[in-house]
Amino acid sequence: MAGSMKALRYHGQKDLRVDSVPIPELQSGQVKVKPEWCGICGTDLHEYIAGPILIPTAEKPHRLTGCSLPLIIGHEFAGEIVELGPGVEPRRLKVGMKVCIEPTLFDDNCPPCLDRRRNCCDKGGFFGLSGWGGGFSEYACLKEKVVHPLPDNVPTHIGALVEPLSVGWHALKASDHSPEQSALIVGAGPIGLAVLLCLIARGCRQILISEVSPQRIKHALDIAAACPEVEVIVLDPSKSDVVAKSKQLCSEGNQGPNVVYDCAGVQQSIETAIGAVRKGGTVCNVAVWEKNASISMNELVFGEKKIIGVATFREGDFQEVIDAISTGKIRNPEKLITAKVALENAVKDGFDALLKSREHVKILIHP
Ligand SMILES: NC(=O)c1ccc[n+]([C@@H]2O[C@H](COP(=O)([O-])OP(=O)(O)OC[C@H]3O[C@@H](n4cnc5c(N)ncnc54)[C@H](O)[C@@H]3O)[C@@H](O)[C@H]2O)c1
Ligand SMILES: [Zn+2]
């Protein structure tokens, strides 16, 4: 008998409950982790207010896990290893180690997986959204290869930020951003701010940010203030023409930024991104869209502008982000955390608080 544990489960729209569920059984090749901190992601919020969107239902169980709701959620987490399953040698991973979790679920044998794109797996999903468990719970069992040790100077509340930071890190790599290039971030929510921290870490010296919310503008300025050697300019699209301003600010003859990251995902943000990016530059779309946008194809044609999409992160990104935090290249990541909440209060002080105010960036839950 494995015993029971507390976990936050998604039962449907606006229906999250702290349930008592069986402790998951450790399978061969797996590691049992006790989550210490787990962040609430925009995707979790979306599921809460408008779902089930990605969360599988009884009519449509997940194609890899076969699971459907009610499901344990939470995919941005870090904690401690409490047990190694059969076949896991205590070498890279040991009991008592602090670790963070790469939540990608993948089949490891479809063409994208074999092409080292497990983030695009034909059957892919997320631990904490698609079944097999999640981070808002007392225990979670995971495949050895998605469990990443944290160095001593990276505590687990920072470890819980590795996931959203890896989204930013992957976006920078996918867009071929190089340090001497300027960048514009549209939307300074947790993801836009993660892109900001990664741009600073990777040596970018001129960063523009477009954001409509005064609270989020404050957070962006706060991060910028800790990095005086970087020119960070925050623009409010309700007060200034972001396209014209970015062309002016990113010099060499009003060319505009080399790369623009759309982290807002609305008609206005993608128009701004395509309009602002310099000729030959890249618009990197990080946002997930609620509906299709209409874009100026001729602006792309006559400016030879590129537009790419990026999904989560790939093999290697987690380790690079952990190293960048540990060596201080990603500076003050804790600035993303605006509250820490106990599991019992996750709905009221976590989900509902995030919906109420853009004052918050990342709320961590302590399971
Ligand atoms: N590609 C991926 O792997 C991945 C991973 C995680 C999240 N996402 C997506 O990234 C996006 C950002 O996530 P988030 O958690 O930061 O969301 P968020 O909603 O907290 O942040 C979006 C920000 O954009 C701002 N905004 C809205 N309209 C704007 C406009 N016209 N101009 C400038 N700013 C504007 C909002 O005020 C807000 O601060 C979401 O669409 C999310 O689903 C993608
Ligand atoms: Zn696959």
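1. In this predicted model, ligand 1 has an oxygen atom that lies 3.1 Å from a backbone N or O atom of P190. The protein buries 84% of the 860 Å² that ligand 1 exposes when taken alone.

2. Two further backbone contacts involve ligand 1. A backbone N or O atom of V288 is 3.0 Å from an oxygen atom of the ligand. At V310, a polar backbone atom lies 2.8 Å from a nitrogen atom of ligand 1.

3. The surroundings of ligand 1 comprise 23 residues, of which E211, Q268, V286, V310 and T312 come nearest. By character, the shell around ligand 1 divides into 14 nonpolar, 6 polar and 3 charged residues. V310 therefore deserves attention twice, being among the residues that come nearest and having the backbone contact with a nitrogen atom of the ligand.4. The UniProt record, an unreviewed entry, places the feature "domain: Alcohol dehydrogenase-like N-terminal" at residues 28–152. Over residues 28–152, the chain is 10% helix and 29% strand. The C-alpha atoms at the two ends of this stretch are 28 Å apart.

5. Is Q30 buried or exposed? Q30 counts as buried because its relative accessibility is 18%, and the cut-off for buried is under 20%. This residue is found in strand β3, which covers residues 30–39.

6. The side chain of Q30 has a polar atom 3.0 Å from the backbone nitrogen of Q27. Leaving aside neighbours within four places in sequence, Q30 is in contact with E25, L84, G85, V88, C141, L142, K143 and E144.

Methods:
Residues are numbered from 1 along each chain as its sequence is written. Chains are lettered from A and ligands numbered from 1 in the order in which they are written. This is a predicted model: local features need pLDDT of at least 70, side-chain atom pairs count only at pLDDT 80 or more; totals for chains, interfaces and linings use all residues. Side-chain values use heavy atoms; hydrogens and water are left out. UniProt positions are given in the numbering used here, feature names are shortened, and annotations may be inferred rather than shown by experiment. Helices (H or I, at least four residues) and strands (E, at least two) are DSSP runs, numbered from the N terminus. Buried means under 20% relative accessible area, exposed over 50%, partly exposed in between (1.4 Å probe, protein chains only). A polar contact is a pair of N or O atoms within 3.5 Å; within protein, one must be able to donate a hydrogen and the other to accept it, and residues adjacent in sequence count only if both atoms are side-chain atoms. Contact means heavy atoms within 4.5 Å. A residue is near a molecule or strand if one of its heavy atoms lies within 4 Å of it. Accessible areas come from the Shrake-Rupley method with a 1.4 Å probe; for residues, only the protein chains shown count as cover. Ala, Val, Leu, Ile, Met, Phe, Trp, Tyr, Cys and Pro count as nonpolar, Asp, Glu, Lys and Arg as charged, and the others, Gly among them, as polar.
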